[in-house]
Amino acid sequence: MSVDPQGPVLVEGPVEILLDDGTTVRSDRFMVAVCTCRRSRTYPWCDTSHRRRERPASPAPDDRNA
């Protein structure tokens, strides 16, 4: 298991998780990202919703054409 303070918990699969409502979900993937921030639309699986959305920096003006 690997824990990233800014992201999900990575667990070697297959994985079964018991949810708060008593249901069990399963993933057969070889590596599973488990959401810890609860922002994921696919909770309990991480969909990278924890990442801050940033726009790429705009390109600098080209001074050669002035």
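**Exercise 1. Two prolines and their peptide bonds**

Place Pro-14 relative to strands β2 (9-12) and β3 (15-18), then decide whether the bond leading into Pro-14 from Gly-13 is cis or trans.

*Solution.*
Step 1: Pro-14 sits in the loop that runs between β2 and β3. Strands here are DSSP runs of E with at least two residues, helices are runs of H or I with at least four, and both are numbered from the N terminus.
Step 2: before trusting any angle, remember that this is a predicted model, so local features need pLDDT of at least 70 and side-chain atom pairs need 80 or more, while totals for chains, interfaces and linings use all residues. Residue numbers start from 1 along each chain as its sequence is written, and side-chain values use heavy atoms, with hydrogens and water left out.
Step 3: check omega. Between Gly-13 and Pro-14 omega is near 0°, and the peptide bond is cis.
Step 4: try the Tyr-43 to Pro-44 bond as well. That peptide bond is also cis, with omega near 15°, and Pro-44 belongs to the segment after β5.

**Exercise 2. The overall layout**

Work out how many helices and strands the protein chain has, and what share of its 66 residues is buried.

*Solution.*
Step 1: count the elements. The protein chain has five strands and zero helices.
Step 2: read along the sequence, and the pattern comes out as β-β-β-β-β.
Step 3: sort by exposure. Buried residues (under 20% relative accessible area; exposed is over 50%, partly exposed in between, with a 1.4 Å probe and protein chains only) account for 20% of the 66 residues.
Step 4: look at one example. Pro-8 lies in the loop between β1 (2-3) and β2. Its relative accessibility is 13%, so Pro-8 counts as buried.
Step 5: see what Pro-8 pairs with in space. Val-34 is 26 residues away in sequence, yet the two C-alpha atoms are 5.4 Å apart.

**Exercise 3. The salt bridges**

Find how many salt bridges there are, and say which residues share partners in one network.

*Solution.*
Step 1: apply the rule (a side-chain nitrogen of Lys or Arg within 4 Å of a carboxyl oxygen of Asp or Glu). The count comes to three salt bridges.
Step 2: take Arg-26 with Glu-16, whose side chains meet at 3.3 Å, N to O. This pair links distant parts of the chain, with Arg-26 in strand β4 (residues 24-27) and Glu-16 in strand β3, 10 residues apart.
Step 3: check how open each end is. Arg-26 has a relative accessible area of 48%, so it is partly exposed, whereas Glu-16 reaches 54% and is therefore exposed.
Step 4: move to Arg-38 and Asp-20, another bridge at 3.3 Å, N to O. Again distant parts of the chain are linked: Arg-38 is in the segment after β5, Asp-20 is in the loop between β3 and β4, and 18 residues separate the pair.
Step 5: grade Asp-20 too. With 73% relative accessibility, Asp-20 counts as exposed.
Step 6: return to Arg-26, which also bridges to Asp-28, with the closest N and O atoms 2.8 Å apart. Shared partners join Glu-16, Arg-26 and Asp-28 into one network. Asp-28 comes out as exposed, because its relative accessible area is 58%.

**Exercise 4. An unusual phi**

Find the sign of phi at Arg-38, then decide whether this residue is buried or exposed.

*Solution.*
Step 1: get the torsion. Phi of Arg-38 is near 65°, a positive value in a residue other than glycine.
Step 2: place the residue. Arg-38 is part of the segment after β5.
Step 3: check the surface. Arg-38 has 54% relative accessibility, so it counts as exposed.

**Exercise 5. A nonpolar patch**

Identify which residues form a nonpolar patch on the surface, and place Met-31 in its strand.

*Solution.*
Step 1: set the criteria. Patch residues have over 30% relative accessible area and no salt bridge; nonpolar side chains (Val, Leu, Ile, Met, Phe, Trp, Tyr) are joined within 5 Å, like charges within 9 Å. Areas are Shrake-Rupley values with a 1.4 Å probe, and for residues only the protein chains shown count as cover.
Step 2: the patch consists of Leu-10, Phe-30 and Met-31, with about 320 Å² of accessible area together.
Step 3: zoom in on Met-31, which lies in strand β5 (residues 31-34). Its relative accessible area is 36%, so Met-31 is partly exposed.
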